Amino acid sequence: MNDQTTVQTTCPYCGVGCGISAQVSEQNHQVNISGDKTHPANFGRLCSKGSALGETVELKGRLLQPRIYGRNASWTEALDLVAGSFINIIAKYGPDAVAIYGSGQLLTEDYYVANKLMKGFIGSGNMDTNSRLCMSSSVAGHKRAFGSDTVPGCYDDYEQAEMIILIGSNTAWCHPVSFQRIQAAKDANPALKIIVIDPRRTASCDIADLHLPIAIGSDTILFNGLLHFLGQQNALNQAYIDAHTEGFPQALKAASISSPTIEQVAAQCKVNIEDLQCFYRWFADHEKVMSLYSQGVNQSSSGTDKVNAIINCHIATGRIGHPGMGPFSLTGQPNAMGGREVGGLCHQLAAHMDFSNNADIERVSRFWNTHAIARKPGFAAVELFDAIYDGKVKAVWIMGTNPAVSMPNANKVIQALQLCDFVVVSDCIANTDTTALAHVLLPAQGWSEKDGTVTNSERRISRQRALFSPAGRAKPDWWIITQIARRMGFEQAFDYQTASEIFREHAALSGFENNAEQGLRDFDISALANISQHDYDHLQPIQWPVNQAYPQGRARLFDDGQFFTASGKARFIPIEPRPPVNLPDKDYPLILNTGRLRDQWHTMTRTAIAAKLNQHKPEPFLEVHPVDAQQYALLPSTLAVIESRWGSMIARVQITDSQQQGCLFVPMHWTEQYASQGRMGALVNPVVDPVSKQPESKHTPVRVRAYQPVWQGFILSRRELNVTKAEYWVKIKGEQFYRYELAGETLPEDWHGYVRKNPAITADEINPQWQEYQDSGNGNYRAALIVDNQLETIIFISADSPLPERAWLTSLFVKPQLETRERMALLTGMPPLGVPDTGIIVCACFNVGEKTIQAAIREKGLKTHQEVGRCLKAGTNCGSCVPEIKALL
Ligand code: SF4
């Protein structure tokens, strides 16, 4: 390909914010992805998701032009309709009758203008974002302790730490490149202690010196206990406490009341007392301690208190702001931090200013030159969809997110959007559970077309650069927003022609009335306020603040002991532990925990396009402890119904002692586009933290029972089929095939007739050749359709006997011609003698299966994951599967 260019951009998935080097062929609409070796977030590493980005840029499934009530429309018509409808609703019901619900997928420039429109010119606080579900407890905890939403440290601290604590974070799967970096740090320095605090034994425990499987929700007791222990052991930094903090006596008293003895903490957290003592002792003995935390801390009805309980321990020991130490919130989304910078949460205003003080409101009002500025927070995410349901909010504009799946009590969210007068969705994907509910669809540019900036977990601003020309009529989000703003009468304030103009204004606002030497506000990138288009185009990753005092950025804050509170001191927050709001009871006796998988992202709108990312965990599944499995009569690989007071789902049973007894785990990703009954959001209770308003997604009382369909089966087909008549179905895209896992409650009398007369299954090709086996007596049916000696479709249905594994059958779709022995073996579902069965895929990068790895370990005596890597290549690219290879070893 001679039209290749190399573009440096940023991964659109998690908050690690890895730099990508993309070799682009515009002509073929193809891109080769590799890690950017110069990017300080990843130094060339990428995880399985980032590595597979090249497979996600196809145009199939994209929303390519505006749609109004289901029909295609021009941009002019769609923009006029949206602006006109918002104007009419505001005129009739006031500005609080409209809302924007944004996303950590938006670029900072998009976010900035959306927020400016809603809060500055429409005059409502009703701009919130899916980051509310992700890290708003961290924002609230930072603000309480530091007076500002500041992440004090940076990734370089991983290599300098003596001890790293992963709290409520399966870093190995959710922030894989950070995990790899921590792993490398431990390899280089085996004395580096790694502690994992998590109710589940996750892949992150692979490198842990100590795993504390605490009871869900007991984090505040644990860290209060630590603070009390540090006090008892004279392990506090009294000089630091005296000079740089306030409120210590109250926090220590609260800690001593809630966690008076190690024995009581161990009992309440349900952990081994020796392990607990070890953790406390290690914390006391190591100066350079990092506490990395994520959704297990944030997604809780006491999430803010959990954050502050952790921060309390760091400021009590002065372990903040210096190399190798500090509390560190790992953000979930690529631009969750950028959203925070511009004020994407409904209580924020802009540039780390918020509605809590009038001076901020007046300042932003002056800067934006508006008299219409909102003066109070709007609805936070859960409140917002309740307000839509109740008819208080009559028009909502959803940008780049899928609340019909991801919100708690998601069935009510669907009802709310069905009841809403006017729903606008801007997205790059045509068919999502949320776009199905929209009155107007606006085609936004996708990752490979967007141009702007994002900020990662360590405050590093990076450029996301366009690789391709926009697909169809897709437009940048900032363009769509400014076009509507202009039509609403705000031409002058939204007269931007480029993303860089918006960035300059955003940077200027950050420095507006903000002294650079001893700023009022932490977020200050005023040194970039006059950046030229050329310099913006070539902007290298840089950590804020970027101002007169720190023109090259600043790796760490608070090294000077100065905080952004009124007194300049860090605040201790006294923590009184509270149990989760909804506790298990006799009707719903189990606790449901939810989370991310290694190879999927959010609601799968992009990752499910990449065949290799669907092999690791192809179906929604339920992790259950062996004792619970026995009690509820759940067998491995069968289906189970999980029910809460809010909804239900069906998932494939995985029995594992990595789960605690009494707790279940389901992944968060499946939608109605990929599974009939896999939406975990339908079950999750809508309880929120009273301070941060973040939902309690990790703790919902549920019950579980075996799902007993009359028949089960699967179809593998070269073509996409419509199988939605089955009560249970899951669609999985593979390499040149689609896989459908099926189960039904009514057995057709005649599978032969059903299949052969079904145009959705039967190919139109000339000379189709069928192999078929039917046993009507017991409802078993097998059929294979062969066209031009290639496998076109294969079907296995069973009412009573086990189904064959899928790995060998799926491997046949990439074969140009079937061998005779393969044709003969098709309906057995088993590879012919001498052909190995790979088993489920462990290494997505090199497509290496579990059985292949097991055989190599057995036959070649492999002892380490490095030896497996040398033998099979498995685990040698992104490294995300190394913990699983180690488990097999
Ligand atoms: S760790 Fe993976 S998903 Fe996260 S930014 Fe890096 S490559 Fe992307």
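Here is a quick briefing on the overall build of this chain and on some of its aromatic contacts. Keep in mind that the model is predicted. The chain runs to 889 residues, and its radius of gyration of 27 Å agrees with the value near 29 Å that a compact globule of that length would have. The domain assignment splits the chain into six domains, numbered 1 to 6.

**Overall build**

- Along the principal axes, the C-alpha trace stretches over about 80 × 65 × 60 Å.
- As for secondary structure, you'll find 29 helices and 36 strands in the chain.
- Buried residues account for 64% of the 889 in the chain.
- The accessible surface adds up to about 31,000 Å², and carbon and sulfur atoms own 49% of that.
- Take the contacts between residues at least 6 apart in sequence: 70% of them join residues at least 24 apart.

**Domains**

- Domain 1 covers 4-56, while domain 2 comes in two pieces, 67-134 and 343-543.
- Domain 3, at 136-334, falls in sequence between those two pieces of domain 2.
- Further along come domain 4 (590-706), domain 5 (711-828) and domain 6 (841-888).
- If you want a feel for the spacing, the C-alpha centres of domain 2 and domain 6 are 44 Å apart.

**Aromatic pairs**

- Searching the whole structure turns up 27 aromatic pairs.
- One of them is Tyr-101 with Phe-385, an edge-to-face pair with 5.2 Å from centre to centre and 85 degrees between the planes.
- That pair ties together distant parts of the chain, since Tyr-101 belongs to strand S6 (residues 98-102) and Phe-385 to helix H17 (residues 381-389), 284 residues apart.
- Are the two partners buried or exposed? Tyr-101 counts as buried because its relative accessible area is 0%, under the 20% cut-off. Phe-385 is buried too, because its 3% relative accessibility also falls under 20%.
- Elsewhere, ring pairs join Phe-121, Phe-490, Phe-494 and Tyr-496 into a cluster.

**Charges over rings**

- Which ring does the charged end of Lys-412 sit over? The ring belongs to Tyr-389, and the charged end lies 4.7 Å from the ring centre.
- Arg-463 has a similar arrangement with Tyr-536: the charged end of Arg-463 sits over the tyrosine ring, 4.2 Å from its centre.

How values were computed: Residues numbered from 1 in each chain as written. Predicted model: local features only at pLDDT ≥ 70, side-chain atom pairs only at ≥ 80, totals over all residues. Heavy atoms only, no water. Domains from an automatic or database assignment. Phe/Tyr/Trp six-rings, centres within 6.5 Å; stacked < 30°, edge-to-face > 60°. Helix = DSSP H or I, 4+ residues; strand = E, 2+ residues; numbered from the N terminus. Buried < 20%, exposed > 50% of the residue type's maximum accessible area, 1.4 Å probe, protein only. Lys NZ or Arg CZ within 6 Å of the ring centre and 35° of its normal. Rg over C-alpha atoms; globule rule 2.2 N^0.38 Å. Contact = heavy atoms within 4.5 Å. Areas by Shrake-Rupley, 256 points an atom, 1.4 Å probe, with all protein chains shown as cover.
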